[in-house]
Amino acid sequence: MPVSALSGPQYLREGLRLVLSPGLRLFVILPLTINALLFFGLIWLAIDQFSGWVDTFMPNLPAWLAFLEYILWPLFVALVVLMVFFSFTMLANIIAAPFNGFLAEKVEVVVRGEDAAPPFSWAELLAMLPRTIGRELRKLAYFAPRALALLVLSFIPVLNLAAAPLWLLFGVWMMAVQYIDYPADNNKLSWADMMGWLRKRRWQSLSFGAVTYAALLVPVLNLLIMPAAVAGATLFWVREGGPNRQLDRQE
């Protein structure tokens with residue numbers, strides 16, 4: 001495995017530094033506010049429903065196997081945590097997509113040295129809405145059938161023991177797809193070409209997805225990690241050789 005395959009933590013760390021810089025803070029406020037509202041709403045729902053969700057997935061064991069409940073319970077708690085976390089992350093990213101795409105565009109301008117403090121424009125943000133929402137729907141079409149298959153697997157006795165690690169692996173890959181797609185879409189790369197670009201950098205992508213996934217699991221910190229991941233993914237795009245078609249769009 002090449003050393004560059006372990007570059008994910010560096011991209012996320014530098015992305016966090018970027019979004020805290022004076023020139024980009026303004027672009028973080030809107031997605032940060034949206035994420036905060038969704039996060040606290042999900043926390044309330046999870047506290048209210050968590051035990052019921054775990055009971056739903058736990059298999060009904062005969063009395064002579066009751067001792068296995070103490071072994072299986074932590075596994076199914078982990079399964080519910082992963083599913084709830086993943087659902088929150090995908091929902092937050094869909095709602096915040098126009099703001100994240102806008103942030104990725106401005107981060108790329110800064111990273112490429114074109115402007116250290118790009119101006120904020122509501123007109124520019126609104127103009128991005130149709131394209132970014134369309135791209136999120138395409139992303140959802142990729143995510144939904146795979147998530148549904150994992151959800152069905154989660155209800156099948158014995159086989160559902162594999163559900164938690166599979167959710168984790170899928171989640172790591174989706175974090176890379178979710179965030180690196182923002183600069184890819186800004187640079188007019190089609191969905192198929194973007195996926196091909198990621199697969200050629202599979203280990204680097206998984207490294208970035210894994211560290212982002214882990215950081216997003218930390219309550220409260222995850223609110224700031226989302227915009228940091230957008231910035232980190234844009235750094236990934238620029239340094240790993242992603243096409244630069246920003247100028248074509250501006251002409």
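A salt bridge is a side-chain nitrogen of Lys or Arg within 4 Å of a carboxyl oxygen of Asp or Glu. The model is predicted, so local features need pLDDT of at least 70 and side-chain atom pairs count only at pLDDT 80 or more, while totals for chains, interfaces and linings use all residues. Residues are numbered from 1 along each chain as its sequence is written, and side-chain values use heavy atoms, with hydrogens and water left out.

**Exercise 1. State what the salt bridge of Arg 239 with Glu 14 joins, and how covered each partner is.**

Solution.
- Step 1: Side chains of opposite charge can pair when their charged atoms come close.
- Step 2: In the pair Arg 239 and Glu 14, the closest N and O atoms are 2.7 Å apart.
- Step 3: Arg 239 belongs to helix H9 (residues 221-239) and Glu 14 to helix H1 (residues 8-19), so the pair ties together parts that are 225 residues apart in sequence. Helices are DSSP runs of H or I with at least four residues, strands are runs of E with at least two, and both are numbered from the N terminus.
- Step 4: Arg 239 is partly exposed at 43% relative accessibility, whereas Glu 14 is buried at 16%. Buried means under 20% relative accessible area, exposed over 50%, and partly exposed in between (1.4 Å probe, protein chains only).

**Exercise 2. Place the salt bridge between Arg 135 and Asp 181 in its surroundings.**

Solution.
- Step 1: The closest N and O atoms of Arg 135 and Asp 181 are 2.7 Å apart.
- Step 2: Arg 135 sits in helix H5 (residues 122-154) and Asp 181 in helix H6 (residues 163-186), so this pair ties together parts that are 46 residues apart in sequence.
- Step 3: Arg 135 is buried, with a relative accessible area of 10%, and Asp 181 is buried at 1%.
- Step 4: Shared partners join Arg 131, Arg 135, Glu 136, Lys 139, Asp 181 and Asp 185 into one network of salt bridges.
- Step 5: The count of salt bridges in the model is nine. Another one of them links Glu 105 and Lys 106 at 3.8 Å, N to O, and both of these residues are buried.

**Exercise 3. Describe the length, bend and cover of helix H9.**

Solution.
- Step 1: H9 has 19 residues and reaches 26 Å from first to last C-alpha, close to the 27 Å expected. The expected span is 1.5 Å times one less than the number of residues.
- Step 2: At Pro 227, H9 bends by about 25°, the bend being the angle between axes fitted to the seven residues ending there and the seven starting there.
- Step 3: H9 is mostly covered, with 16 of its 19 residues buried.
- Step 4: Just after H9, Gly 241 has a positive phi of about 90°.

**Exercise 4. Find which helices supply the nonpolar surface patch.**

Solution.
- Step 1: Patches are made of residues with over 30% relative accessible area and no salt bridge, with like charges joined within 9 Å and nonpolar side chains (Val, Leu, Ile, Met, Phe, Trp, Tyr) within 5 Å.
- Step 2: The members are Leu 91, Ile 94, Ile 95, Leu 126, Leu 129, Ile 133, Leu 137 and Leu 140, with about 650 Å² of accessible area together. Accessible areas come from the Shrake-Rupley method with a 1.4 Å probe; for residues, only the protein chains shown count as cover.
- Step 3: Helix H3 (69-95) and H5 are the elements that give two or more residues to the patch.
- Step 4: H5 gives the most, with five residues.
- Step 5: Leu 91 lies in helix H3 and is partly exposed at 45% relative accessibility.
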